[in-house]
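Here's an informal walk through one structure, going residue by residue and then helix by helix. Have the viewer open while you read.

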Amino acid sequence: MNHDPDTKMQFLYALRSKGVTDARVLTAMEQVDRSEYVKGTFSDRAYEDMPLPITCGQTISQPSIVGLMTQALKVGPRDKVLEVGTGSGYQAAILSKLARRVYTVDRHKRLVTAARAIFEAHDITNITTFTADGSYGLPDQAPFDRIMVTAAAEDAPGPLLAQLRVGGIMVLPVGQSDTVQSLIRVVRTEDGYDYDELLPVRFVPLLEGLGQD
Ligand code: SAH
């Protein structure tokens, strides 16, 4: 985290005022320096509560949305978590502070390589990265206690639902278009899945197959 105490205070204040109140989540977000994940022109805006462009035409999510999604996922210290949509690696780094192990997958190799380099530079050893189409999850690592998807599909992908263990929670944006999406939470029960809608959001789409770079 940036050493300027005012910047840090304002960042945490903005998170709290948007509803991020879970103490473990706030501590994790205080520990991870967002400017590391927003290289280049925009890095001096890393502590503003807004999404920013990263490479491959993707975006790093708005910090308050990262906080609300992480809070909704209710991650425990023994959990094995899958994140679909590594992007900059920022969300995975926050999850790594809360979970036992994080598996993160992106369809762009270039993003995965860059994120992995930051994790290594910061001695984050409980994240495993993959380049793949994350809509199919990671069958070899399943089941997962928690799954977070950070790109929007029309519906929760079947393989991800199947890879959630009973009692597990998945948080993901769903929607018919690029502009109207809802963040939903799915809880797997003994006999099925319970869904609830959390808030309107706007994410890049979950695309099929691998990216070109
Ligand atoms: N969580 C990221 C932001 C994600 S942006 C962060 O903290 O920075 C959404 C990401 O989802 C993009 O990097 C995009 O490449 C990826 N994505 C889209 N469709 C995908 C798919 N089918 N499988 C894996 N990743 C996908």
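Let's start at Cys56, which is buried, with a relative accessible area of 18%. The cut-off for buried is under 20%. Cys56 sits in the loop between β1 (52-53) and β2 (59-60), and its phi is positive, about 60°, although Cys56 is not a glycine. Keep in mind that this is a predicted model.

Cys56 also turns up among the contacts of His108. Not counting residues up to four places away in sequence, His108 touches Cys56, Gln58, Thr131, Gly211, Gln212 and Asp213. His108 itself lies in the loop between β4 (101-106) and α5 (109-121). Is His108 buried or exposed? With a relative accessible area of 8%, His108 is buried. Asp213 deserves a second look here: 105 residues separate His108 and Asp213 along the chain, yet their C-alpha atoms are separated by 5.6 Å. There's a polar link as well, since a polar atom of the His108 side chain lies 3.2 Å from the backbone oxygen of Asp213.

Another loop residue to click on is Ser135, found between β5 (127-131) and β6 (144-149). Ser135 has a relative accessible area of 13%, so it counts as buried. Its side chain makes a polar contact of 2.6 Å with the side chain of Asp133. Leaving aside neighbours within four places in sequence, Ser135 is in contact with Pro157, Pro159, Leu160, Leu206 and Leu207. The loop between β5 and β6 also holds Pro143, and the peptide bond from Ala142 to Pro143 is cis, with omega near 0°.

For residues on the exposed side, try Val180 and Asp123. Val180 is in the loop between β7 (164-174) and β8 (181-188) and is exposed, with a relative accessible area of 61%. Leaving aside neighbours within four places in sequence, Val180 is in contact with Val174 and Gly175. Val180 and Pro200 are 20 residues apart in sequence, with 7.4 Å between their C-alpha atoms. Asp123 lies in the loop between α5 and β5 and counts as exposed at 64% relative accessibility. Like Cys56, Asp123 isn't a glycine, and it has a positive phi of about 55°.

Now for the helices. Two helix pairs share α2, and their geometry goes side by side like this:

| Helix pair | Axis distance | Crossing angle |
|---|---|---|
| α2 (residues 23-31) and α4 (residues 90-98) | within 9 Å | roughly 125° |
| α1 (residues 5-17) and α2 | 11 Å | about 145° |

How do α2 and α4 lie relative to each other? With axes crossing at roughly 125°, they are therefore oblique to each other. The crossing of α2 and α4 is right-handed. On the α2 side, the contact is made by Arg24, Val25, Ala28, Met29 and Gln31, while α4 brings in Tyr90, Ile94, Lys97 and Leu98. Sorted by class, the residues of that contact come out as 6 nonpolar, 1 polar and 2 charged.

The crossing of α1 and α2 is right-handed too. In that contact, Lys8, Phe11, Leu12, Leu15 and Arg16 of α1 meet Leu26, Met29 and Glu30 of α2. By class there are 5 nonpolar residues, no polar ones and 3 charged.

Ile94 is a handy residue for seeing how the α4 side is packed. It is placed in helix α4 and, at 0% relative accessibility, counts as buried. Leaving aside neighbours within four places in sequence, Ile94 is in contact with Ala28, Met29, Val32, Val66 and Thr70. The C-alpha atoms of Ile94 and Thr27 are separated by 9.4 Å, with the two residues 67 apart along the chain.

Two of those Ile94 contacts, Val66 and Thr70, are among the buried residues of α3. How many residues of helix α3 (residues 63-73) are buried? The helix is mostly covered, with 11 of its 11 residues buried. Just after α3, Lys74 takes a positive phi of about 45°.

How values were computed
Residues are numbered from 1 along each chain as its sequence is written. This is a predicted model: local features need pLDDT of at least 70, side-chain atom pairs count only at pLDDT 80 or more; totals for chains, interfaces and linings use all residues. Side-chain values use heavy atoms; hydrogens and water are left out. Axes are lines fitted to C-alpha atoms, for helices over the stretch in contact, and angles run from 0 to 180 degrees between N-to-C directions. Helices (H or I, at least four residues) and strands (E, at least two) are DSSP runs, numbered from the N terminus. Angles under 35 degrees count as roughly parallel, over 145 as roughly antiparallel, 65 to 115 as roughly perpendicular and the rest as oblique. A crossing is left-handed if the near helix is turned anticlockwise from the far one by less than a right angle, and right-handed if clockwise. Contact means heavy atoms within 4.5 Å. Ala, Val, Leu, Ile, Met, Phe, Trp, Tyr, Cys and Pro count as nonpolar, Asp, Glu, Lys and Arg as charged, and the others, Gly among them, as polar. Buried means under 20% relative accessible area, exposed over 50%, partly exposed in between (1.4 Å probe, protein chains only). A polar contact is a pair of N or O atoms within 3.5 Å; within protein, one must be able to donate a hydrogen and the other to accept it, and residues adjacent in sequence count only if both atoms are side-chain atoms.
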